[in-house]
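Q: Could you take a close look at one part of this structure, starting from a single residue and working outward? Please state the cut-offs of each term as you use it.

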Amino acid sequence: MNGSTVRARIVLPSRRRHAIPLTSLVDVVFILLFFFMLASSYLDWRAFPLSLAGEGGDASAPVGHTLTIARDGALLDGEIVNAEQLGERLRGRAAPVVVVPEDGVPLQSLVEWLDRLKLWGVNASLARPAAS
Amino acid sequence: MKIVLPSTRRAGSGLDDERLLPLINVVFLLLVFFMLAGALSSPAAFRVDPPKSSEAGSADAGASALLFGRDGKLAFGAEVVEVEQLQDFSRRWRAVHPGAALAIKADAEADAAQVLRLLDALRATGIDRVVLMTTRAPSK
């Protein structure tokens, strides 16, 4: 050491601004975006539990009412009823209702009647029509 | 005569990358939104228009379901199931999902009596808990 100061100079390597090239990143992200937009389904699925009548043997459960769904209306125990009459008769009753759709009735109308029964608090179960 | 062309900006220069940042932010936000909002589903054998219901409860949209087409065709995911194969299908399904309810995606225009016959046949093979998948209808 001869009294002179030693100066060390540290040269930092110049940092690159972006390690990933942003243009190609955008390309990939766009492709992912289109994939998820096209491959996903945005339907709001709901579940409606279906119960068939006669779960514990056919004769054991007492049947309260039978609601037959026809293509142009409904019959409660063989008598033509509309939605209001059905509501008056069944609302709050404990008696179970067996819903039987006739052949050729679309599923949508069965679901609509089941919706009404559920709204009225009716204990509904399903049965298929006798083979014609 | 001297024609001065506008200097083309070099792609990938630092200035260009800076200008891409807001775009990337927005695209990333959209990507995250679509990933979270949509449900990825496996391809189905045929198209099913579900019935609308106002009273049905919430359901897991990603779960695979037994499809019931407008003309009475059956499929599980992309695989078509014949009525004769129902016993075999039921045994395999119950082995994978013991005690679970089988989801049925049936077409709104399908014959309701045929759907109930299917339920009857499923019960005969040992599947007695079935839920019908619907979409939400505007409640009255």
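A: Setting aside residues up to four places away in sequence, A:Asp115 touches A:Phe48, B:Lys52, B:Ser53, B:Ser54 and B:Glu55, where a contact means heavy atoms within 4.5 Å. This is a predicted model, in which local features need pLDDT of at least 70 and side-chain atom pairs count only at pLDDT 80 or more, while totals for chains, interfaces and linings use all residues. Residues are numbered from 1 along each chain as its sequence is written, chains are lettered from A and ligands numbered from 1 in the order in which they are written, and side-chain values use heavy atoms, with hydrogens and water left out.

A:Asp115 belongs to helix H3 (residues 107-119) of chain A; helices (H or I, at least four residues) and strands (E, at least two) are DSSP runs, numbered from the N terminus. Because its relative accessibility is 7%, A:Asp115 counts as buried, a class that means under 20% relative accessible area, with exposed over 50% and partly exposed in between (1.4 Å probe, protein chains only). The side chain of A:Asp115 makes a polar contact of 2.8 Å with that of B:Ser53. Such a contact is a pair of N or O atoms within 3.5 Å; within protein, one must be able to donate a hydrogen and the other to accept it, and residues adjacent in sequence count only if both atoms are side-chain atoms.

Two of the residues that A:Asp115 touches, A:Phe48 and B:Lys52, lead to strand E8 of chain B. A:Phe48 stands opposite B:Leu132 in E8(B), and B:Lys52 stands opposite B:Thr135 in E8(B). Strand E2 (residues 45-50) of chain A and E8(B) pair in the antiparallel sense over 6 bridges, where two strands are said to pair if DSSP finds at least two bridges between them; in this pairing, A:Leu50 has B:Val130 as its bridge partner. Within chain B, E8(B) also runs parallel to E2(B), with 2 bridges between them, and parallel to E7(B), with 3 bridges. B:Leu132 comes up again here, since B:Ile104 stands opposite B:Leu132 in E8(B). Of the 7 residues of E8(B), 6 are buried, and the strand is mostly covered.

Turning to the interface as a whole, 47 residues of chain A are in contact with 50 residues of chain B. About 4600 Å² is buried between the two chains, 66% of it contributed by carbon and sulfur atoms; buried area is the accessible area (1.4 Å probe) that two parts lose on being put together, summed over both. B:Phe34, B:Glu55 and B:Leu116 supply 14% of what chain B buries against chain A, more than any other three residues.

The count of salt bridges between the chains is 3, a salt bridge being a side-chain nitrogen of Lys or Arg within 4 Å of a carboxyl oxygen of Asp or Glu. A:Asp103 forms a salt bridge with B:Arg117, with 3.2 Å between the closest N and O atoms. Polar contacts across the interface amount to 14 residue pairs (both at pLDDT 80 or more). Several elements of chain B, including helix H1 (14-37), strand E2 (52-53), helix H3 (112-124) and strand E8 (130-136), each supply at least two residues of the side that touches chain A. The largest share of that side, 13 residues, comes from H1(B). By class, the side has 30 nonpolar, 8 polar and 12 charged residues, with Ala, Val, Leu, Ile, Met, Phe, Trp, Tyr, Cys and Pro counted as nonpolar, Asp, Glu, Lys and Arg as charged, and the others, Gly among them, as polar.

B:Leu116 is also in contact with A:Ala127, which is found in the segment after strand E7 (124-126) of chain A. A:Ala127 counts as buried because its relative accessibility is 19%. Its further contacts beyond four places in sequence include A:Ala53 and A:Val100. A:Val100 is 27 residues from A:Ala127 along the chain, yet their C-alpha atoms are separated by 5.2 Å.
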